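I opened a notebook page for this model and went through it one topic at a time. The entries below follow the order in which I looked things up.

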Amino acid sequence: MEPPRSVNVVDVCHVVPSTDLPDSAAAAPKSLPLTFFDILWLRLPPVQRLFFYETSSSKSSFYNSIIPKLKHSLSLTLHHYLPLAGNLTWPKDCPKPVIRYVDGDGVSLTIAESNMDFYHLSGDDFREVKECHPLLPELTVSQERAQVIALQVTLFPNDGFSVGITAHHAVLDGKTSMSFMKSWCRLCKQLGGGDSTLGPGLTPFYDRDVVKDPAGLEAIYANEWLNEKGPNNRSLMIWELNLRPGLVRGTFELTREDAEKLKKTLLQDSLLHVSTFSLTCSYTWVCLVKALRIREKKTHLGFNVDCRSRLKPALPENYFGNCITGRGAFVETEGLLGEEGLSFGIKAISKAIKSLDDGVLNRAEILASIIIGAKAKTEVTETETRSGSVSFAGSPRFEVYGIDFGWGRPRKVEMTSVDRTGAICISDSRNGNGGVEIGLVLKLHEMEAFASEFSKGLAKLRSI
């Protein structure tokens, strides 16, 4: 006898943008070209998140109330986010990819049920990474076109439900993705009230003319992709990154009180600029290097930076699309292992952030070749062991725990795409205490070692 399926798909809906709303001068465009910010991520794996909501609603309430509200509000939201209902293409007569929407296009919304343990999946105990994967939708992608987003709502009878989103990285960065989710939430809670507006903070800004490209990055990035297994390779197929076997997911929190105490231990260095971001990354970095016993002489930490406010001229905060660049901090591993390891890491991260003053796009022309080169390297090397490279994704500023559709704040939010990328996700804390939540995936023995280092450092701090 076959074991029971952990997730059973009940329906796959095709949700189209609403036509009941009045057109406006700021209506979403039906065709939207990618910028160099977008093209950089063309074939990278999509970004995936899971939102868990605890509710005692019955099965009938789920199908008769919750699902209809989610579908209706999604349709209203897509009216404002029309490109998300379209497809990414790369026409032969076009020098770069473009998102195109035609009437009838829409977003796939999978409705499913699960017999898995809701509280285990949405808890902080170590969980096998594969347990969450059935709760996530897949993008439909071919050589010629790619779906932009896919959604899945899964019911855990009598316990709650999850909302999974898979978003194409060449169309959405984290800020835009979360703006879409917040817009969906706003309209869901406003159903029946006659208000289908998003407000100035959430209404997407689509004008591509505001993105200046004096260095010709668009052509550089496009050519890099055309020549990857090319020439003239216009494929939109997304890279398949292998999942390391035996991975578990873990969640840790650095409370605001912990952060303040850590800062006080560093105040003797008047030249040290300490932010919550640099503090969180450095503390996690130090714990990880110790836990994994990294022996490389140098270690590297990478992170993304939102460029909207840093460009000249600056872009609006509600600009739709990717607008991020990368920065890296390189240090001697021995420095992180020493007594001043936290300070050592913060100095390196602060230096990397300070380099943005020299130009947020300084040396950006080499980013595509670095990304493609890194992918090529993973194809010919064994990835069973960790290297000295660490990367961070997400941001507390996204306020993922504010994604409330009207049934309460999420019990848990997971950035599940880090399962394959190996990045460490940081977000706001579900406790609303100003702390930072840290999510990472490691092998079980690695996670246990990290947990020991993480708690040992905080215990020592709290005893002061």
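**Entry: unusual backbone geometry**

I began at Pro-313, which I located in the loop between strand 12 and strand 13; the peptide bond that joins it to Lys-312 is cis, with omega at about 0 degrees. I keep in mind throughout that this is a predicted model. A second cis peptide bond turned up between Gly-230 and Pro-231, where omega is about 15 degrees, and I placed Pro-231 in the loop between helix 5 and strand 11. I also noted Asn-158, a residue other than glycine whose phi is positive, near 70 degrees; Asn-158 sits in the loop between strand 9 and strand 10. I flagged these sites because most residues other than glycine have a negative phi, and most peptide bonds are trans.

**Entry: the loop between strand 12 and strand 13 again**

I returned to the loop that holds Pro-313, since Glu-317 lies in that loop too, between strand 12 (298–306) and strand 13 (324–332). The side chain of Glu-317 meets that of Lys-175 in a salt bridge, with 3.1 Å from N to O. Lys-175 belongs to helix 4, so I recorded the pair as a link between distant parts of the chain, 142 residues apart. When I searched the whole structure, I found 19 salt bridges.

**Entry: the two domains**

How is the protein chain divided? I read domain 1 as 7–227 and domain 2 as 247–463, and I noted that their centres, taken over C-alpha atoms, are separated by 25 Å. Between them the two domains bury about 5500 Å², of which 64% is on carbon and sulfur atoms. On the side of domain 1, the residues that lose the most area to domain 2 are Phe-37, Phe-126 and Lys-175, which together account for 13% of what that side buries. In terms of contacts, I counted 70 residues of domain 1 against 57 residues of domain 2.

I then looked at the polar part of the interface, where the rule finds 6 salt bridges across domain 1 and domain 2 and where 34 residue pairs are in polar contact, both residues being at pLDDT 80 or more. Several elements each supply at least two residues of the side of domain 1 that touches domain 2, among them helix 1 (36–39), helix 3 (118–121), strand 7 (127–128) and helix 5 (217–227). Which element gives the largest share of that side? I found that it is helix 4, with 10 residues.

**Entry: the sheet of six strands**

I traced an open sheet of 6 strands in the order 1-6-9-10-3-15, with mixed pairing. Its edge strands are strand 1 (7–15) and strand 15 (412–414), each of which pairs on one side only. Neighbouring strands of this sheet are turned by 15 degrees against each other on average, with direction ignored. Strand 1 pairs with strand 6 (residues 107–114) in the antiparallel sense over 8 bridges, and I noted Ser-108 in strand 6 as the bridge partner of His-14.

Two helices that pack on this sheet went into the same entry. Helix 2 (residues 59–80) touches strand 1, strand 6, strand 9 (149–156) and strand 10 (160–167), and its direction makes about 160 degrees with that of strand 6. Helix 4 (residues 174–189) touches strand 3 (47–54), strand 9 and strand 10, and its direction makes about 140 degrees with that of strand 10. I marked helix 4 as an element to reread alongside the interface entry, since it packs on the sheet and also supplies residues to the side of domain 1 that touches domain 2.

**Entry: the sheet of seven strands**

Last, I followed an open sheet of 7 strands in the order 7-11-17-16-14-12-13, again with mixed pairing. Here strand 7 and strand 13 are the edge strands, each pairing on one side only. Strand 11 and strand 17 (residues 436–443) run antiparallel and are joined by 8 bridges, and I noted that Glu-253 stands opposite Glu-437 in strand 17.

Note on methods:
Residues are numbered from 1 along each chain as its sequence is written. Side-chain values use heavy atoms; hydrogens and water are left out. Two strands pair if DSSP finds at least two bridges between them. Helices (H or I, at least four residues) and strands (E, at least two) are DSSP runs, numbered from the N terminus. Axes are lines fitted to C-alpha atoms, for helices over the stretch in contact, and angles run from 0 to 180 degrees between N-to-C directions. Contact means heavy atoms within 4.5 Å. Domain bounds come from an automatic or database domain assignment. Buried area is the accessible area (1.4 Å probe) that two parts lose on being put together, summed over both. A salt bridge is a side-chain nitrogen of Lys or Arg within 4 Å of a carboxyl oxygen of Asp or Glu. A polar contact is a pair of N or O atoms within 3.5 Å; within protein, one must be able to donate a hydrogen and the other to accept it, and residues adjacent in sequence count only if both atoms are side-chain atoms.
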